Amino acid sequence: MTQEINKTNKSEWPLWEVFIRSKVGLDHKHAGSLHAADAEMAIENARDVYTRRMEGVSIWVVESKFIHASDPGESESLYDPANDKIYRHPTFYNLPDEVKYM
Amino acid sequence: MNKQRYLLDYTLRLADDALIIGHRLSEWCGHGPVLEQDIALTNTSLDHLGRARTLYQYAAEQFNRLPQGEKKNAFTSVAIQNLVASGENLGEDDLAYLRDGWDFRNMLLLEQPNIDWAYTIARSFFYDTFNYFFFQHLAGCKDESLAAVAEKSLKEVTYHLRWSSEWVVRLGDGTSESHQRMQHAVNELWAYTGELFVMNDTDKIMLQEGTGVDIEAIKPLWMQRVSAVFEEATINTPTGTWMQQGGKEGRHTEQLGYILAELQFMQRAYPGMAW
């Protein structure tokens with residue numbers, strides 16, 4: 001543990017990303033990030049920081065360094081090509097009125 | 001003293017324990033080593049203060065039912081005696097803010113100062129472990145109000161114990177400095193742990209009544225739990241057997257005076273002040 005801290009920053013605990021499930025059946029959503037020395041402390045910190053007002057029933061934490069993100073500079077090549085592929089949306093079906101929430 | 005007075009004494013002690021440790025932990029608010037732990041301690045502090053409020057309300061109810069003669073000499077505090085003489089009922093705030101040090105029944109461990117993170121953790125760990133077993137037993141007691149408080153507190157206390165146990169291990173089995181500080185705090189506070197298990201008259205009578213908890217029976221469970229965590233934390237369990245006591249009888253260390261001076265100043269200087 002000590003070595004891990006020394007590797008990243010001598011005075012700071014590693015950063016963790018927190019995901020909270022607000023209700024059983026819903027998915028975990030990114031809630032924010034916090035510092036903690038280990039995974040257990042990260043979960044407890046997340047409990048104290050993000051679920052004080054009954055926001056959650058389950059917590060996931062992952063060290064931020066393990067999150068791999070797409071490059072914002074590449075967003076044109078990554079996301080724009082989907083722009084004109086309207087056939088990928090199910091908009092060609094006529095929904096019966098009985099199906100209210102689709 | 002009659003049974004009613006013993007129940008009042010018992011309720012007040014539990015309330016005082018909760019208020020004093022709650023106040024001590026609240027002193028970390030804004031001073032925690034990191035933001036997340038600052039919030040964690042404040043949350044825990046509020047758990048204790050919430051329990052204190054419920055218990056003071058219950059104690060006030062009991063007090064207000066006492067005959068006038070008994071009310072007058074129940075506490076040494078002149079402020080309380082004046083209220084009683086004017087025929088007013090007491091409320092939770094009066095019990096917290098207007099009683100003097102001699103009227104407080106909290107255990108000495110809980111009034112000891114924060115000093116550093118290791119002391120704060122050691123103090124909480126000793127108390128949380130005690131509470132974990134105490135409230136399990138109190139939840140089954142005959143007094144419905146105390147049983148309800150115990151039921152609710154048990155969930156909170158289970159988390160407190162998890163939190164403080166992990167910190168004992170983290171510091172004890174951490175760097176050489178954190179280990180040394182943890183061991184030092186444990187050694188220094190050890191003499192205050194004996195009082196947790198002292199059965200005074202109130203405890204004995206409440207136990208007979210089916211209301212109180214047999215705290216002597218909790219001692220081996222407490223010892224087992226504490227030793228197990230210390231072992232994992234590479235902390236030596238102190239072997240000293242001489243123990244401080246007196247808090248349950250109103251004989252306190254000088255620390256309580258400082259706490260009350262800060263805690264009670266506003267209500268003493270501006271009686272009945274509200275905002």
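A salt bridge is here a side-chain nitrogen of Lys or Arg within 4 Å of a carboxyl oxygen of Asp or Glu, and two such bridges are counted between chain B and chain A. The model is a predicted one, in which local features need pLDDT of at least 70 and side-chain atom pairs count only at pLDDT 80 or more, while totals for chains, interfaces and linings use all residues. Side-chain values rest on heavy atoms, with hydrogens and water left out, and residues are numbered from 1 along each chain as its sequence is written.

In one of the salt bridges, Arg170(B) pairs with Asp38(A), their closest N and O atoms being 3.1 Å apart. Helix 2 (35–65) and helix 8 (144–172) of chain B, helices being DSSP runs of H or I with at least four residues, numbered from the N terminus, each supply at least two residues of the side that touches chain A.

The table gives the make-up of that side of chain B, with Ala, Val, Leu, Ile, Met, Phe, Trp, Tyr, Cys and Pro counted as nonpolar, Asp, Glu, Lys and Arg as charged, and the others, Gly among them, as polar.

| Class | Residues of chain B touching chain A |
|---|---|
| Nonpolar | seven residues |
| Polar | three residues |
| Charged | four residues |

The area buried between the two chains, meaning the accessible area (1.4 Å probe) lost on putting them together, summed over both, is about 1,400 Å², and carbon and sulfur atoms give 51% of this area. Glu36(B), Tyr159(B) and Arg170(B) supply 42% of the area that chain B buries against chain A, more than any other three residues.

Terms used. Chains are lettered from A and ligands numbered from 1 in the order in which they are written.
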